[in-house]
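Colleague: I am new to this structure. Could you take me through the packing?

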Amino acid sequence: MKYRMQKPDIRIAAGLLMIPAFLLQPGLVVQGLQVFFLIVLAAMHGRKIRVVMITVVLASITAMNLLQENGRVLASIGSFSITLGALLTGLEKAMTLIGMIYLSQYMVSGKPRFPGWFGQLLSKQFLYFEHLVTAWKKPEKGKFIESLDTLLEEMEQGILTDEETGFSDSHSGIAGSRNAGIWDFGKAAGIVIAFWFGSAMGFAGIWP
Amino acid sequence: MSSENTPVKRENGIGSEIITKIAILAAFSLFLSTVEYMIPKPLPFLRIGLANLPIMVGLALFSLPEYLILVTLKIAGQGLINGTLFSYIFIYSAGGSLASSLMMYLLYKLFHNKISYIGISLVGAMTSNSVQLLLAQYLLFGSSIWIIAPPFLLMGLVSSILLGIFVNHFTDRSRWYSSALEFTGLYGKRGRDEISHAET
């Protein structure tokens with residue numbers, strides 16, 4: 001899809017630039033809009049929107065914070081009071097968590113290849129992982145360890161060469177054409193500027 | 001067993017066979033983490049800790065730097081697969097995994113012939129859960145997190161005992177493990193006992 005960025009490292013850079021604008025945001029409404037923006041961004045890059053997870057995280061963190069009463073009492077249920085300060089703190093923390101999860105998902109959605117020795121080792125791990133996922137079959141009853149052994153031995157005996165695992169080549173961590181890079185850079189710049197513009201409205205107190 | 005008391009040569013830092021073993025166990029950890037991800041849980045924060053199985057298997061196989069590479073790969077791999085690499089969740093995962101792995105490694109090195117994998121798993125899970133509760137207190141929930149501490153710790157207790165039983169079983173019966181143990185040559189008395197047990 002054309003709106004997707006092809007270059008994983010540009011997504012990481014864009015995400016890193018958005019983190020301060022998100023974490024330092026004082027306004028709850030702006031933060032809510034930012035979370036919505038980040039969810040849409042992650043969804044556009046192939047990540048699933050998990051409504052149940054969002055609801056559970058939002059409800060559980062807010063509920064836990066409500067137990068620490070703080071500020072004006074909004075309502076009371078028996079001896080338990082729902083206070084404004086606790087409610088706002090809970091919502092802020094929950095939205096920060098949800099926003100960071102989706103920002104993180106957007107950043108790693110392009111299967112980034114990290115540079116250096118450790119990056120190559122990570123690639124090797126993922127190739128073995130893909131082999132495990134595709135080769136794993138439901139074991140016969142009572143033969144779980146034997147099935148596991150077979151798989152581990154297959155990997156050990158070199159079903160994947162160093163070349164396949166990327167352990168011998170020096171990759172740059174950049175995939176795709178030069179043009180894709182220029183377009184991606186433009187899209188990333190647009191996203192980061194729009195995100196910071198929204199944040200600036202919150203910092204300046206123009207938006208709550 | 002020619003290599004029984006001779007550690008394998010680790011030229012240029014870490015040998016490629018060792019690297020392969022680390023990558024295989026790290027991939028296995030990722031695989032188990034994905035399996036766990038598919039198991040429905042009442043709360044997203046509750047974990048069984050299946051991904052710690054390869055970490056425990058690695059206790060007898062690797063030196064501390066190699067073991068830390070395995071743990072780092074597990075943490076980074078999980079962060080990438082679940083997309084949480086740049087989020088708070090990653091801090092929980094990294095904090096819990098690192099603390100529990102170091103504690104398990106220390107226990108294994110100091111008391112490997114006095115403590116079973118069940119005990120090691122139990123201590124690892126309690127360490128991991130305690131660190132995660134502390135992080136949750138400071139990052140998200142505040143002191144009310146301790147309300148959910150009992151079920152959280154109880155879940156860790158039960159799952160870690162089951163995991164420890166499985167690791168005991170695996171290290172006793174696995175062909176791959178006994179050949180890896182023989183190859184790495186880092187084991188102490190318990191490791192040799194494990195090999196002779198597997199051979200008989």
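Modeller: What follows is a short exchange on helices and the chain contact.

Modeller: This is a predicted model: local features need pLDDT of at least 70, side-chain atom pairs count only at pLDDT 80 or more, and totals for chains, interfaces and linings use all residues. Residues are numbered from 1 along each chain as its sequence is written, chains are lettered from A and ligands numbered from 1 in the order written, and side-chain values use heavy atoms, with hydrogens and water left out.

Colleague: What is the area buried between chain A and chain B, and what share do carbon and sulfur atoms give?

Modeller: Contact means heavy atoms within 4.5 Å. On that basis chain A brings 48 residues and chain B brings 47 residues. Buried area is the accessible area (1.4 Å probe) that two parts lose on being put together, summed over both. Here the area is about 4,400 Å², and the carbon and sulfur share is 73%.

Colleague: At what angle do helix α5 of chain A and helix α3 of chain B pack, and is α5(A) roughly parallel or roughly perpendicular to α3(B)?

Modeller: Helices (H or I, at least four residues) are DSSP runs, numbered from the N terminus; axes are lines fitted to C-alpha atoms over the stretch in contact, with angles from 0 to 180 degrees between N-to-C directions. α5(A) spans residues 116-135, α3(B) spans residues 64-82, their axes are 10 Å apart and the angle is about 70 degrees. Angles under 35 degrees count as roughly parallel, over 145 as roughly antiparallel, 65 to 115 as roughly perpendicular and the rest as oblique. So α5(A) is roughly perpendicular to α3(B).

Colleague: How do the residues of the contact of α5(A) with α3(B) divide?

Modeller: α5(A) supplies residues including A:W117, A:F118 and A:F129, and they meet α3(B) residues, among them B:I69, B:K74 and B:G77. Ala, Val, Leu, Ile, Met, Phe, Trp, Tyr, Cys and Pro count as nonpolar, Asp, Glu, Lys and Arg as charged, and the others, Gly among them, as polar. The division is 11 nonpolar, three polar and one charged.

Colleague: Which residue forms a salt bridge with A:E146?

Modeller: A salt bridge is a side-chain nitrogen of Lys or Arg within 4 Å of a carboxyl oxygen of Asp or Glu. Between chain A and chain B the count is three. For A:E146, the closest N and O atoms are 2.8 Å apart, and the partner is B:R173.

Colleague: At what angle do the axes of helix α6 of chain A and helix α6 of chain B cross?

Modeller: α6(A) covers residues 144-156 and α6(B) covers residues 149-173. A:E146 and B:R173 are among the residues that make this contact. The axes come within 11 Å, and they cross at roughly 60 degrees.

Colleague: Is α5(A) roughly perpendicular or oblique to α6(A)?

Modeller: The axes of α5(A) and α6(A) are 11 Å apart, at an angle of about 140 degrees. That angle makes α5(A) oblique to α6(A).

Definitions and conventions
Helices (H or I, at least four residues) and strands (E, at least two) are DSSP runs, numbered from the N terminus.
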